[in-house]
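Open the structure in your viewer and keep the selection panel at hand. The tour below goes stop by stop.

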Number of protein chains: 2
Amino acid sequence: MNFSEHKNIFLQIRDWMVDQILTGKLLPGDKIPSVRELAADIEVNRNTVMRSYALMEEEGILENKRGIGFFVSLDAKSTLLNIQRKEFFTETLPPILHQIQVLRLDSTDLKSLLAVIHFNDNKHEEEQ
Amino acid sequence: MNFSEHKNIFLQIRDWMVDQILTGKLLPGDKIPSVRELAADIEVNRNTVMRSYALMEEEGILENKRGIGFFVSLDAKSTLLNIQRKEFFTETLPPILHQIQVLRLDSTDLKSLLAVIHFNDNKHEEEQ
DNA sequence: GTTAGTGTCATAATACACTATGACACTAAT
DNA sequence: ATTAGTGTCATAGTGTATTATGACACTAAC
């Protein structure tokens, strides 16, 4: 894992795990790496991983079976969609809008962004 | 100023100052608040403001006259446009694209975003 | 029951951002 | 020259994320 200097490690671990769940690489009910195992893998302290897992348990996206390990909770995906969407609209998007305005970025600059949005539009049409 | 928990204060001070310059609230050549004055205003230590000013001086957006104070450098705006645009495309945008993809956000969800982009499109047309 | 694998808790050490404060050099105004 | 306002540097203290380690309770497998 590549850690950014500017964000706490235990939060970056959560972000990474959340992404694994939302992209379907981790499925509801799956056992996730043990605290010690993940800590060794990404070369971080046990306590740091523990803090991350405890946070996700509090958020209801992980469940803990004593003596066995942590598992992705059954409703993790819908719970996460709610949490992440809310955070996106209240925390992430506003400063981005402001940046785009200040930097005067137009359709040409942001064609990759527009492409992703319209790709999602089509996906939703297909699902109907 | 409202400080976020998750980002260093001296960086947030820079962000705020950068925004003042890019939005034209601070003009090239303007004297900015003294280290002590700003520190008192936003209730932060002198050294923290100093660190922020020193960073911006290094970036070439502030200039220092000994015994007098800090001033917005004459080419601050174009320098900043380069720095901030580059950072936006390399650091900010990629994770946003990924989030939009994962959260399946479409044109309806992001109509405010599209509005800002198209507003900039029109601005550019008018300038020709 | 022994062993190996889980999570959990407690303690101490390190690193760094931020604070608090004092002292000094420079500049402008009187 | 004195004063007040600048930036600058040094020192020490605080809070917190992270590390390093050890010890303990629980579970599964043998």
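**Stop 1: DNA strand D**

Begin with Arg36(B): an N or O atom of its side chain is 2.8 Å from a base nitrogen of DNA strand D. Keep in mind that this is a predicted model.

Now select Arg46(A). An N or O atom in the side chain of Arg46(A) sits 2.2 Å from a base oxygen of DNA strand D. Move on to Thr48(A). Here the partner is the backbone of the DNA: a phosphate oxygen of DNA strand D is 2.8 Å from an N or O atom in the Thr48(A) side chain.

Widen the selection to the 24 residues around DNA strand D. Ile9(A), Arg46(A), Asn47(A), Thr48(A) and Met50(B) come nearest. Which elements supply at least two residues each to the surface near DNA strand D? From chain A, colour helix H1 (9-22) and helix H3 (46-58). From chain B, colour helix H2 (35-41), helix H3 (46-58) and strand E2 (69-72). H3(A) gives the most, with four residues.

Colour the residues of this surface by class. Eight are nonpolar, ten polar and six charged. Then look at the DNA side. Of the atoms of DNA strand D within 4 Å of the protein, 60% belong to sugar or phosphate, and the rest to bases.

**Stop 2: DNA strand C**

Switch to the other strand. DNA strand C is surrounded by 24 residues. The closest are Met50(A), Ile9(B), Arg46(B), Asn47(B) and Thr48(B).

Select Arg46(B). A polar side-chain atom of Arg46(B) lies 2.2 Å from a base oxygen of DNA strand C. Then turn to the phosphates. Show the main chain of Asn45(B): a backbone N or O atom of this residue lies 3.1 Å from a phosphate oxygen of DNA strand C. Add Arg51(B), where an N or O atom of the side chain is 3.5 Å from a phosphate oxygen of DNA strand C.

Which helix gives the most to the surface near DNA strand C? Select H3(B), which contributes four residues. H3(B) and helix H1 (9-22) of chain B each supply at least two residues, as do helix H2 (35-41), H3 and strand E2 (69-72) of chain A. By class, this surface has eight nonpolar, ten polar and six charged residues. Of the DNA strand C atoms within 4 Å of the protein, 60% are in sugar or phosphate and the rest in bases.

**Stop 3: helix against helix**

Hide the DNA. Select helix H4 (residues 76-102) of chain A and helix H5 (residues 111-126) of chain B. Their axes come within 10 Å and cross at roughly 5 degrees. H4(A) is therefore roughly parallel to H5(B).

Show side chains at the contact. H4(A) brings Leu93(A), Leu97(A), Ile100(A) and Gln101(A). H5(B) brings Ser112(B), Leu113(B), Val116(B), Ile117(B) and Asn120(B). How do these residues divide by class? Six are nonpolar, three polar and no charged residue takes part.

**Stop 4: a salt bridge between chains**

A search of the whole structure finds eight salt bridges over all chains. Zoom in on one of them. The side chains of Asp109(B) and Arg85(A) meet at 3.7 Å, N to O. This pair crosses between chains. Asp109(B) sits in the loop between helix H4 (76-102) and H5 of chain B, while Arg85(A) belongs to helix H4 of chain A.

How values were computed:
Residues numbered from 1 in each chain as written. Chains lettered and ligands numbered in written order. Predicted model: local features only at pLDDT ≥ 70, side-chain atom pairs only at ≥ 80, totals over all residues. Heavy atoms only, no water. Near = heavy atom within 4 Å. Polar contact = N/O pair within 3.5 Å; in protein donor to acceptor, adjacent residues only side chain to side chain. Nonpolar A, V, L, I, M, F, W, Y, C, P; charged D, E, K, R; others polar. Axes fitted to C-alpha atoms, helices over the stretch in contact; angles between N-to-C directions. Parallel < 35°, antiparallel > 145°, perpendicular 65-115°, else oblique. Contact = heavy atoms within 4.5 Å. Salt bridge = Lys/Arg side-chain N within 4 Å of Asp/Glu carboxyl O.
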